[in-house]
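I opened a fresh notebook page for this one. My plan was to look up the empty spaces, then the ligand, then whatever the record adds.

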Amino acid sequence: MIEIQAVTQRFGNVEAVRKVDLSIRKGEIFGIIGRSGAGKSTLVRTLNLLNRPTSGRIVLDGQDLTSLSAAQLREARRGIGMIFQHFNLLSSRSVYDNIALPLELAGKSKAEIAAKVEPLLELVGLTALRDRYPAQISGGQKQRVGIARALANDPKVLLSDEATSALDPETTRSILELLRKINKELGLTIVLITHQMEVIKQICDRVAVMEAGQVIEQGEVLDVFRQPRHEVTRALIGDVIAHELPKGVLARLRERLARADAGQGTDHLFRFAFTGNDVDQPHLSEAVRRFNLDFNILHGQIDEIQGQAFGSLAILANGTQDNINQAMQYLREQGVVVEELNHVI
Ligand SMILES: Nc1ncnc2c1ncn2[C@@H]1O[C@H](COP(=O)(O)OP(=O)(O)OP(=O)(O)O)[C@@H](O)[C@H]1O
């Protein structure tokens with residue numbers, strides 16, 4: 001439904017996006033993740049031509065946006081809604097009037113506007129707050145206004161640029177649930193950019209990882225979590241674990257790993273990933289027994305990603321290098337995905 005074809009975006013001599021090809025399917029939630037400066041915002045802004053790519057094409061539902069006249073482009077842009085990290089609401093307008101704004105700009109009558117805005121208020125759970133002003137509502141509520149406003153013109157695609165980055169984890173979850181609900185109920189395609197794997201894990205179907213302006217890895221979210229191929233992806237997944245470890249534990253862990261790195265210890269940090277039936281097998285205790293290791297479990301989690309159970313364990317393993325290697329080989333043979341995280345966390 002959206003084809004990004006060989007898109008390059010240059011600013012002076014900075015190549016913010018380099019020859020990116022991506023294909024986004026109708027009805028999916030597609031995540032684009034990367035570190036700060038990777039080029040995510042620039043890329044997502046080319047999708048509605050807020051940035052006009054230096055070269056390449058953006059094809060939306062068969063229409064090449066880069067070839068449109070200014071008037072045609074204005075029309076095509078109505079099919080693309082966008083939400084932002086800092087909400088971009090007008091402070092002098094009420095919740096209702098913020099949502100009504102795109103409809104006013106499109107020349108709709110008062111009655112048409114009411115017929116559209118009332119159900120949107122309902123959808124995002126803000127009917128009771130319709131007359132409040134942005135300064136009188138919370139961050140999560142502001143983003144709900146942003147979402148309703150983005151939906152006012154019945155877009156085919158919703159672009160989300162770090163829409164939950166300014167929100168606390170609880171509010172983030174509720175906004176992501178709302179996006180999921182809109183995706184399901186309206187069949188709306190969502191392209192979401194974030195620097196947090198948590199966000200990708202929670203709602204995306206597929207993900208592309210960006211680094212230095214390029215897409216370095218992409219796939220189904222579950223596959224990427226099970227078996228990240230690129231160092232940057234591993235680090236972004238490692239962040240999820242680091243984020244959930246208590247600060248003191250993380251600091252001590254980093255010290256131990258630094259000592260091991262300097263040749264003064266035998267600690268290794270691993271992440272094991274399991275799916276489906278692997279979860280009930282005693283592979284870990286068998287590996288510990290057979291290869292005479294100590295395992296210290298630091299973090300464990302079972303999630304549902306795309307409807308499938310996905311378990312991940314962070315383990316500090318201690319033993320001789322030979323035994324560690326053999327144990328990891330054994331675990332891999334049992335279908336466990338094993339990754340060493342020493343340099344990642
Ligand atoms: N208008 C601009 N003029 C010059 N350079 C720019 C412009 N916009 C972005 N860049 C540069 O392009 C690169 C990619 O920036 P971009 O904002 O797309 O990254 P990002 O992955 O979205 O990061 P962040 O999450 O920090 O916004 C950066 O090096 C940035 O400095």
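Which element gives the most to the lining of the largest cavity? I looked that up before anything else, and it is α9, with 3 residues. A reminder to myself: I am reading a predicted model here.

**Entry: the largest cavity**

I searched the whole structure for cavities of 30 Å³ or more, and the search gave 3. The largest cavity holds about 70 Å³ of space. I wrote down its lining: K201, F225, I237, V240, I241, R271, Q301, D303, F310 and S312. Besides α9 (231-244), the elements that put two or more residues into that lining are β12 (294-305) and β13 (308-318). I then sorted the lining by class and got 5 nonpolar, 2 polar and 3 charged residues.

**Entry: the second largest cavity**

Next I turned to the second largest cavity, which has a volume of about 50 Å³. Its lining is made of S160, E162, A163, T164, L176, L179, L192, I193, T194 and V199. Two elements, α6 (169-186) and β8 (189-194), supply at least two residues each. Of these, β8 has the largest share of the lining, 3 residues. By class I noted 6 nonpolar, 3 polar and 1 charged for this lining.

**Entry: the ligand**

Which residues are around the ligand? My list reads F11, A16, R35, S36, G37, A38, G39, K40, S41, T42 and E162. I had already met E162 in the lining of the second largest cavity, and here it turns up again beside the ligand.

I asked myself which element gives the largest share of this shell. That is helix α1 (residues 40-47), with 3 residues. The classes in the shell come to 3 nonpolar, 5 polar and 3 charged.

Then I looked at backbone atoms facing ligand oxygens. A polar backbone atom of G37 sits 2.7 Å from an oxygen atom of the ligand. For A38, I found a polar backbone atom 3.0 Å from a ligand oxygen. S41 has a backbone N or O atom 2.8 Å from an oxygen of the ligand. How much of the ligand does the protein bury? On its own the ligand exposes 620 Å², and the protein buries 57% of that.

**Entry: the largest pocket**

I moved on to the pockets. The largest pocket has a volume of about 650 Å³. I counted 20 residues in its lining, and those nearest its centre are R77, I80, P102, L105 and N153. The elements α2 (70-77), β6 (80-84), α3 (95-105) and α5 (139-151) each bring at least two residues to the lining. I checked which of them has the largest share, and it is β6, with 4 residues. The class tally is 12 nonpolar, 4 polar and 4 charged.

**Entry: the second largest pocket**

About 510 Å³ of space lies in the second largest pocket. Its lining has 23 residues, with P169, Q196, E198, V199 and H243 nearest its centre. I recognised V199, since that residue also lines the second largest cavity. The elements giving at least two residues each are α6, α7 (197-203) and α9. So which familiar names came back here? I had α6 from the second largest cavity and α9 from the largest cavity. By class, I wrote down 7 nonpolar, 9 polar and 7 charged residues for this pocket.

**Entry: what the record says**

Last lookup: the UniProt annotation. An unreviewed entry there labels residues 2-237 "domain: ABC transporter". I then checked that span in the model, and its end C-alpha atoms lie 27 Å apart. The span is 39% helix and 27% strand.

Terms used
Residues numbered from 1 in each chain as written. Predicted model: local features only at pLDDT ≥ 70, side-chain atom pairs only at ≥ 80, totals over all residues. Heavy atoms only, no water. Near = heavy atom within 4 Å. Polar contact = N/O pair within 3.5 Å; in protein donor to acceptor, adjacent residues only side chain to side chain. Areas by Shrake-Rupley, 256 points an atom, 1.4 Å probe, with all protein chains shown as cover. Nonpolar A, V, L, I, M, F, W, Y, C, P; charged D, E, K, R; others polar. 1 Å grid on protein atoms, 1.4 Å probe; cavity = no way out; pocket = protein on both sides within 12 Å on 5 of 7 lines; lining within 4 Å. Points joined across faces, edges and corners; volume = space filled by probe spheres on them. UniProt positions renumbered as here; feature names shortened; annotations may be inferred.
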